[in-house]
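Here is a short set of exercises to work through with the model open beside you. Try each task before reading its solution.

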Amino acid sequence: MTNSQIIATDPGWIILVKGLLIFVVCVLATLMSVWGERRLVARMQQRLGPNRVGPFGLIQSLADGVKLALKEDLIPKAADRIVFVIAPIISATTCFMSFAVIPLSGKVNLFGHETVMQLTDIPVGVLYVLAIASVGVYGIVLAGWSSGSTYPLLGGLRSSAQVISYEVAMGLSLVAVFIYSGSMSTGEIVAAQNQWWFCVTLFPSFVIYAISMVGETNRAPFDLAEAEGELVGGFHTEYSSLKFALFFLAEYVNIVAVSALATTLFLGGYHALPGLGFTESWLGGWFTVIWFLAKVVFFFFIFVWLRGTLPRLRYDQFMKFGWKVLIPFSLIWILIVATLRVLSQQGAPRAVVIGFSFGIVLLVLAGSSLFESSKKRREREDAIGIVSAPSFPVPAIPGKITRNRTEQLNG
Amino acid sequence: MDNSLTPRSNDLGLTAAAKANAPIESQEAKSFGKQLQGFWVTFITMFKKVNTVQYPEVKEPTAERFHGRHQLNRYDDGLEKCIGCELCAWACPADAILVEGESNTEEERFSPGERYGKVYQINYLRCVFCGLCIEACPTRALTMTNEYELADESRAKLIFEKEDLLAPLKSGMLQPPHPMAPGTTHIDYYRGDIKGGANG
């Protein structure tokens with residue numbers, strides 16, 4: 001039975017329970033991830049991080065949330081009041097919605113009913129996630145626009161441009177997954193990975209997805225939308241109190257959501273690590289949830305690690321990277337994957353497939369060596385340019401008599 | 001003789017300047033492998049000992065000559081060293097010190113000699129802990145302690161009075177006012193010839 005068939009037998013109350021569970025898990029995940037991020041980044045900077053409120057500081061983010069909720073809720077005079085209120089609601093609701101199609105576990109027993117921890121399994125599940133993510137951009141754009149202030153507007157424009165352009169690369173990286181699994185339903189994509197995870201067989205796609213998901217969530221090093229030095233707080237500069245808390249929540253739920261999608265599409269979803277398949281039946285199948293969460297935590301660690309290591313990119317570099325590197329690269333990769341797929345489906349002899357892959361590798365090597373040599377030649381030409389003396393008079397450098405200076409002294 | 005004003009080298013650092021003039025390496029991005037080294041740095045730092053001090057529970061000692069709260073010192077028999085000269089107040093760049101002097105009488109003597117500080121206030125909302133008052137003090141009456149926990153909740157509480165600043169009485173010291181040790185003058189006090197318990 002496929003996931004969609006199992007879910008079809010769910011009674012209404014099971015669906016309600018699942019929806020509630022997803023919501024609770026997401027909010028808890030946000031609280032935990034804010035705390036976890038602060039602790040991890042602190043350790044990377046040889047600090048301790050929040051360790052005062054509750055054991056190990058675990059309740060710190062809850063305390064911060066309560067504090068935020070109790071703060072004064074300001075709406076600027078120049079703001080468009082209705083849109084200003086709606087924007088954070090759009091952001092916060094859309095980020096939860098993508099969880100509806102993520103399979104969190106294999107077959108489990110929920111209150112005496114055999115089901116899977118997945119709210120629904122629609123045939124175009126992944127497309128649905130991408131669509132929801134695009135709707136989430138409205139929250140950012142509208143927040144920036146409705147604030148009636150310059151910096152939020154710039155921040156909102158930046159982050160929408162960013163999310164939209166990285167969504168293209170993200171969508172393209174997923175095409176290879178669709179080609180190989182033959183489906184867009186998340187349940188079936190996970191089922192297609194019971195032998196080899198797609199992060200191994202489709203490694204370039206995985207890399208592109210991993211990069212674009214950081215861009216998609218506006219996270220460091222791609223957090224240009226809230227570049228404090230340039231834009232104050234970005235699109236949420238004018239927000240305070242609960243509305244700000246909603247944006248905060250949305251940011252972290254989004255991180256968990258893209259991590260969950262990455263887990264589902266590339267790391268085999270709720271399946272155990274290769275060789276540990278026997279653990280999947282532990283706790284009546286609930287142990288698969290732990291595998292799923294472990295993989296999401298792994299991605300979350302990568303997010304934090306990136307933030308702790310890399311400085312923020314400049315805006316033009318960032319856009320150049322998205323449009324001129326990621327997108328062409330994934331287009332070429334899709335061509336290669338599609339050709340290989342068609343070759344193997346039409347029963348082409350193994351020699352042809354191997355020969356094709358070998359030819360691609362040779363082409364890539366030749367291209368990169370050509371690029372390198374032209375780069376070196378350019379560097380040499382530049383270097384010659386540096387050595388020539390400036391035509392304008394320059395002040396003498398102490399301890400070093402320049403040619404011009406000697407000429408001056410002598411005559 | 002070693003004269004510290006003589007420069008260490010004769011060329012006034014010109015050799016070093018010439019060396020620093022060496023061509024700057026190209027500021028292009030390092031190779032991809034080099035860039036990845038940064039990830040290793042942050043990763044390995046996670047397992048290093050943290051520098052954080054758990055402050056309210058754990059208190060690290062300050063540097064020996066840390067500029068903390070002031071203290072008005074006493075002679076060994078308990079008489080105050082402050083003579084109310086106001087030099088500290090005049091030296092203060094932040095105008096944080098207020099001193100009002102008063103004459104000692106034979107019945108009521110707080111310090112050896114002619115005068116003593118009757119009112120002595122330091123406003124810790126103004127004080128910048130520069131230590132110029134300590135340099136100005138002619139009798140070494142004013143010094144600084146290492147105490148740094150000076151936060152409080154009202155402005156009035158942060159103006160320290162003479163009682164707050166005076167050094168505590170040690171054994172052998174007698175609470176002034178009391179007369180000078182018999183047969184001594186303020187000069188003996190100033191030279192440090194007076195030992196504790198002279199009157200008690």
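The model is predicted, so local features need pLDDT of at least 70 and side-chain atom pairs count only at pLDDT 80 or more, while totals for chains, interfaces and linings use all residues. Residues are numbered from 1 along each chain as its sequence is written, and chains are lettered from A and ligands numbered from 1 in the order in which they are written.

**Exercise 1. Find the hairpin in chain A and describe its turn.**

Step 1: Look at S1(A), residues 107-110, and S2(A), residues 113-116, which pair in the antiparallel sense over four bridges. Strands here are DSSP runs of E with at least two residues, helices are runs of H or I with at least four, and both are numbered from the N terminus. Two strands pair if DSSP finds at least two bridges between them.

Step 2: Pick out one bridge: Asn109(A) is partnered by Glu114(A) in S2(A).

Step 3: Now the turn. Two residues separate the strands of this hairpin, and Phe111(A) in the turn has a positive phi of about 50°.

**Exercise 2. Compare the span of H11(A) with its expected value, then work out how H11(A) sits against H3(A).**

Step 1: H11(A) covers residues 241-266; its 26 residues reach 38 Å from first C-alpha to last, close to the 38 Å expected. The expected span is 1.5 Å times one less than the number of residues.

Step 2: Check burial. In H11(A), 24 of the 26 residues are buried, meaning that 20 or more other C-beta atoms lie within 10 Å of a residue's own, with C-beta atoms placed from the backbone (12 or fewer is exposed, in between is partly exposed). Just after this helix, Gly268(A) takes a positive phi of about 75°.

Step 3: Bring in H3(A), residues 60-70. Its axis and that of H11(A) come within 6 Å and cross at roughly 140°. Axes are lines fitted to C-alpha atoms, for helices over the stretch in contact, with angles from 0 to 180 degrees between N-to-C directions. The two helices are therefore oblique to each other: under 35 degrees counts as roughly parallel, over 145 as roughly antiparallel, 65 to 115 as roughly perpendicular and the rest as oblique.

Step 4: List the contacts (C-beta atoms, placed from the backbone, within 7 Å). Gly65(A), Leu68(A) and Ala69(A) of H3(A) meet Ser241(A), Leu242(A), Phe244(A) and Ala245(A) of H11(A).

**Exercise 3. Which partners do the buried residues of H4(A) pack against?**

Step 1: H4(A) runs over residues 81-97 and reaches 25 Å, close to the 24 Å expected for its 17 residues.

Step 2: Among its buried residues are Phe84(A), Ile90(A) and Cys95(A).

Step 3: The buried residues of H4(A) pack against H5 (125-146) and H11 of chain A.

**Exercise 4. Lay out the three-stranded sheet of chain B.**

Step 1: The open sheet has the order S2-S3-S5, with antiparallel pairing. S2(B), 97-103, and S5(B), 159-160, stand at the edges with a single partner strand each, so one side of each is left without a neighbour in the sheet.

Step 2: Count the bridges. S2(B) and S3(B) share seven, with Glu102(B) partnered by Tyr116(B) in S3(B). S3(B), residues 115-123, and S5(B) share two, and Asn123(B) stands opposite Ile159(B).

Note on methods
Contact = placed C-beta atoms within 7 Å.
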